[in-house]
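Subject: Structure handover

Hello,

Here is the structure I said I would pass on. My notes on what was found in it follow below.

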Amino acid sequence: MEDYLKLFVEETSFYNRLVLGTFLPESWWGPLPHMLQGWLRNYIGGVLLYFISGFLWCFYIYHLKRNVYIPKDAIPSKEAMLLQISVAMKAMPWYCALPSLSEYMIENGWTKCFARISDVGWPTYIINAAIYLVIVEFGIYWMHKLLHDIKPLYKYLHATHHIYNKQNTLSPFAGLAFHPLDGILQAVPHVVALFLVPMHFTTHIALIFVEALWTANIHDCIHGKVWPVMGAGYHTIHHTTYRHNYGHYTIWMDWMFGTLRDPVEEDAKKM
């Protein structure tokens, strides 16, 4: 068992060397405890992913495709985007604590994670990953809904994110603009699922960082019309009605629990 757990430590150590070794002198990070190295690596990676994806996304939809996807009067102001960046950067150090904690638990054998797909085979890997994603979708839906339904949670946590409640205040940079505890609570299902279903470690880490890209996508106000994806068209309705479309990747949970509102139908009502 100990030899197998070393595989996780070797993998995270490789990520540490790859990221920290690229951006910092080894004398700065080498003496740090392994878990702290992991946090620092997650922080640097998270910040880079947030800014690179955010700037590229904004450049494409607001400049290269100006007036194609979003009317000029619906483009968020620089002040709104700078506020979103400020909120996200204050929360980022706290966000990075969650993947660092999940790595610690995995490395110590507390979860059902496995290190290599060959350990279970591709069919089992695919089935387990699908179950994992269903658990995550279910968990995020209900966590998100409770953050709206429980008034103190909304007032002191989730309201920070919902000051962006119009199309011209939403941007890809709003994707991580949460109160730190709010952002962590909505990502917790990714960690809880590790105790319920065997999951490939690398895939788990990748999916946590995909969250940064996904949340940027669903805040750009562009309706992709890809069923059953919970795209920006659905999520923009969430930001304007507060009571619909709590789901994350898909519309299924909202459909099952009666909170779905379709953007195409909403547009038809306005005509």
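In this predicted model, one helix contact to look at is that of α6 with α8. On the α6 side, the contact is made by Tyr-132, Val-136, Gly-139, Ile-140, Met-143, His-144 and Leu-147. On the α8 side, these residues meet Asp-182, Leu-185, Gln-186, Pro-189 and His-190. Sorted by class, the contact of α6 with α8 has seven nonpolar, four polar and one charged residues.

The geometry of this pair is as follows. Helix α6 covers residues 122-149 and helix α8 covers residues 180-192. Their axes come within 7 Å and cross at roughly 150°. Angles over 145 degrees count as roughly antiparallel, and α6 and α8 are therefore roughly antiparallel to each other. The crossing in which α6 passes α8 is right-handed.

The next pair is α5 with α9. Helix α5 spans residues 97-107, and helix α9 spans residues 201-217. The two pack at an angle of about 170°, and their axes are 11 Å apart. That angle makes α5 roughly antiparallel to α9. From α5, the residues in contact are Pro-99, Ser-102, Glu-103 and Ile-106. From α9, they are Phe-201, His-204, Ile-205 and Ile-208. This contact of α5 with α9 has five nonpolar, two polar and one charged residues.

Helix α5 also packs against α3, at an angle of about 140° and with the axes 9 Å apart. How are these two helices oriented to each other? The angle makes α3 oblique to α5, since roughly antiparallel needs an angle over 145 degrees. The crossing of α3 past α5 is right-handed. In this contact, α3 provides His-34, Met-35, Gly-38, Trp-39, Arg-41 and Asn-42. The residues of α5 that take part are Ala-97, Pro-99, Ser-100, Leu-101, Glu-103, Tyr-104 and Glu-107. By class, the contact of α3 with α5 divides into six nonpolar, four polar and three charged residues. Pro-99 and Glu-103 of α5 appear in the contact with α9 and also in the contact with α3.

Now the enclosed spaces. How many cavities of 30 Å³ or more does the structure hold? There are two.

The largest cavity contains about 530 Å³ of space. Its lining is made of 32 residues, and those nearest its centre are Leu-176, Gly-183, Ala-187, Glu-211 and Thr-215. Two or more lining residues come from each of α3, α4, α5, α6, α8, α9 and α10, the last of these being residues 232-241. Helix α9 gives the most to the lining of the largest cavity, with five residues. By class, the lining of the largest cavity has 15 nonpolar, 16 polar and one charged residues.

The second largest cavity has a volume of about 30 Å³. Its lining consists of His-34, Met-35, Gly-38, Trp-39, Ser-100, Glu-103 and Glu-107. Helices α3 and α5 each supply at least two of these residues, and the largest share, four residues, comes from α3. The lining of the second largest cavity divides into two nonpolar, three polar and two charged residues. The residues that line this cavity are also listed in the contact of α3 with α5.

There are pockets to note as well, and I describe one here. The second largest pocket has a volume of about 270 Å³. It is lined by 13 residues, and the closest to its centre are Cys-58, Tyr-62, His-63, Lys-78 and Met-81. Helices α3 (34-64) and α4 (78-95) each supply at least two residues of the lining of this pocket. Which helix gives the most to the lining of the second largest pocket? That is α3, with five residues. By class, the lining has ten nonpolar, one polar and two charged residues.

Last, two points about the backbone. Trp-227 and Pro-228 are joined by a cis peptide bond, with omega about 0°. Pro-228 is in the loop between α9 and α10. Tyr-242 has a phi near 70°, which is a positive value in a residue other than glycine. Tyr-242 lies in the loop between α10 and α11, with α11 covering 252-257.

Regards

Terms used. Residues are numbered from 1 along each chain as its sequence is written. This is a predicted model: local features need pLDDT of at least 70, side-chain atom pairs count only at pLDDT 80 or more; totals for chains, interfaces and linings use all residues. Side-chain values use heavy atoms; hydrogens and water are left out. Axes are lines fitted to C-alpha atoms, for helices over the stretch in contact, and angles run from 0 to 180 degrees between N-to-C directions. Angles under 35 degrees count as roughly parallel, over 145 as roughly antiparallel, 65 to 115 as roughly perpendicular and the rest as oblique. A crossing is left-handed if the near helix is turned anticlockwise from the far one by less than a right angle, and right-handed if clockwise. Contact means heavy atoms within 4.5 Å. Ala, Val, Leu, Ile, Met, Phe, Trp, Tyr, Cys and Pro count as nonpolar, Asp, Glu, Lys and Arg as charged, and the others, Gly among them, as polar. On a 1 Å grid over the protein atoms alone, a cavity is a set of points where a 1.4 Å probe fits but cannot get out, and a pocket is an open set with protein on both sides within 12 Å along at least five of seven lines; lining residues have an atom within 4 Å of a point. Grid points are joined across faces, edges and corners, and a volume is the space filled by probe spheres set on the points.
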